[in-house]
Amino acid sequence: MMKEDLEKIQAEALEKIQNSDALEKLNEIRVAYLGKKGELKQVLKGMKDVAPEDRPKVGEMVNKAREIIESKLEETKKKLEEAAREKKLAAEVIDVTLPAKRIKLGHRHPNTIALEEVERIFIGMGYEVVSGPEVEYDYYNFEALNIPANHPAKDEQDTFYITNDILLRTQTSSVQVHEMEKGRLPIKMISPGRVFRSDEVDATHSPSFHQIEGLVIDKNITFSDLKGTLAQFAKELFGEDTKVKFRPHHFPFTEPSAEVDVSCFKCHGKGCRMCKGSGWIEILGCGMVHPHVLEMRGIDPNEYTGFAFGVGLERIALLKYEIDDMRLMYENDVRFLKQF
Ligand code: DAH
């Protein structure tokens with residue numbers, strides 16, 4: 001009788017456990033069957049009606065039932081906990097295959113890239129990089145560079161004047177004068193910077209652009225030093241097989257003066273659109289520092305000689321990156337800038 005009751009209770013408990021889908025329900029079942037007032041306790045209370053010799057047997061049966069129910073509870077608890085964990089993990093899952101948002105990186109302006117390249121080359125040859133003022137006295141921009149008042153070269157460079165003798169520099173050559181004024185010799189410098197001319201904007205002109213000036217003054221500096229320096233510069237900038245050609249020219253602050261062409265790095269001299277069919281591309285002006293320029297700064301031209309050169313930064317960048325319109329350099333259109 002007792003045995004049947006127990007079996008019934010056990011079966012009932014196991015079924016309830018089996019069907020429970022939440023941890024709280026398991027707890028309720030535990031209380032209902034194994035608790036102080038639970039079903040099994042009730043059975044034990046009925047022990048007094050059991051014959052004494054049968055009591056150990058019944059006690060054992062009750063314990064057995066308790067063990068079975070307990071272990072089923074434990075097992076189901078584990079299963080439910082595991083299921084809850086899986087559910088939580090599934091909800092928190094990160095899809096690592098989902099493409100991430102692309103972080104937009106800034107780009108260096110082609111002018112900046114070209115400038116860093118030019119600086120790298122000259123620093124490698126032992127040059128110092130210096131800067132000078134963009135607002136200048138007429139004296140530094142013209143007079144001390146052997147371009148006196150009424151000199152036709154003054155009209156060639158359409159100048160923005162601020163007052164009669166203050167202007168926006170038209171050329172970085174003005175920095176040559178500042179360097180000589182420091183009174184330290186020898187000089188071996190390049191000076192990149194912005195220059196201004198009242199030009200109309202078009203594909204090759206802008207009222208503001210950049211130049212890089214070069215100046216070397218020392219004892220025994222000759223034209224071959226200039227030639228070797230610029231040949232090396234051209235090779236490093238445009239490629240090892242680049243040739244240079246010096247064409248006689250005139251600048252007031254150098255004597256003799258030259259314009260330098262490089263062999264076209266695109267067609268290697270055969271003639272293409274880049275070099276307008278000639279095989280050569282003009283890149284800079286240069287010459288031996290005019291003795292009068294040295295004298296004006298108190299440097300004895302019999303003791304010291306020097307060379308100078310001036311190169312347009314935009315021109316280098318346009319050539320190197322095959323950009324066909326200088327206006328692109330100033331419009332700051334992201335579609336253009338992000339290509340570099
Ligand atoms: N200043 C000249 C210009 O703007 C460029 C130049 C030519 C600079 C010859 C030099 C040089 O130092 O020697 O056109």
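In what follows, Ala, Val, Leu, Ile, Met, Phe, Trp, Tyr, Cys and Pro count as nonpolar, Asp, Glu, Lys and Arg as charged, and the others, Gly among them, as polar. The model is predicted, so that local features need pLDDT of at least 70 and side-chain atom pairs pLDDT 80 or more, while totals for chains, interfaces and linings use all residues. Residues are numbered from 1 along each chain as its sequence is written, and side-chain values use heavy atoms, without hydrogens and water.

**Exercise 1.** Describe the shell around the ligand by residue and by class.

Solution. Begin with the residues that have a heavy atom within 4 Å of the ligand: there are 15, and the closest are Q171, S173, R197, Q211 and E213. Sorting the shell by class then gives five nonpolar, eight polar and two charged residues.

**Exercise 2.** Find which atoms of Q171, R197 and A308 approach the ligand, and state how much of the ligand the protein covers.

Solution. Look for pairs of N or O atoms within 3.5 Å. A polar side-chain atom of Q171 is 2.7 Å from a ligand nitrogen, and one of R197 is 2.8 Å from a ligand oxygen. At A308 a polar backbone atom lies 3.2 Å from an oxygen atom of the ligand. Of the 350 Å² of accessible area (Shrake-Rupley method, 1.4 Å probe) that the ligand has on its own, the protein covers 91%.

**Exercise 3.** Name the strands that each supply at least two residues of the shell around the ligand.

Solution. Taking strands as DSSP runs (E, at least two residues), numbered from the N terminus, one finds β5 (208-218), β8 (280-289) and β9 (305-312).

Definitions and conventions: Polar contact = N/O pair within 3.5 Å; in protein donor to acceptor, adjacent residues only side chain to side chain. Helix = DSSP H or I, 4+ residues; strand = E, 2+ residues; numbered from the N terminus.
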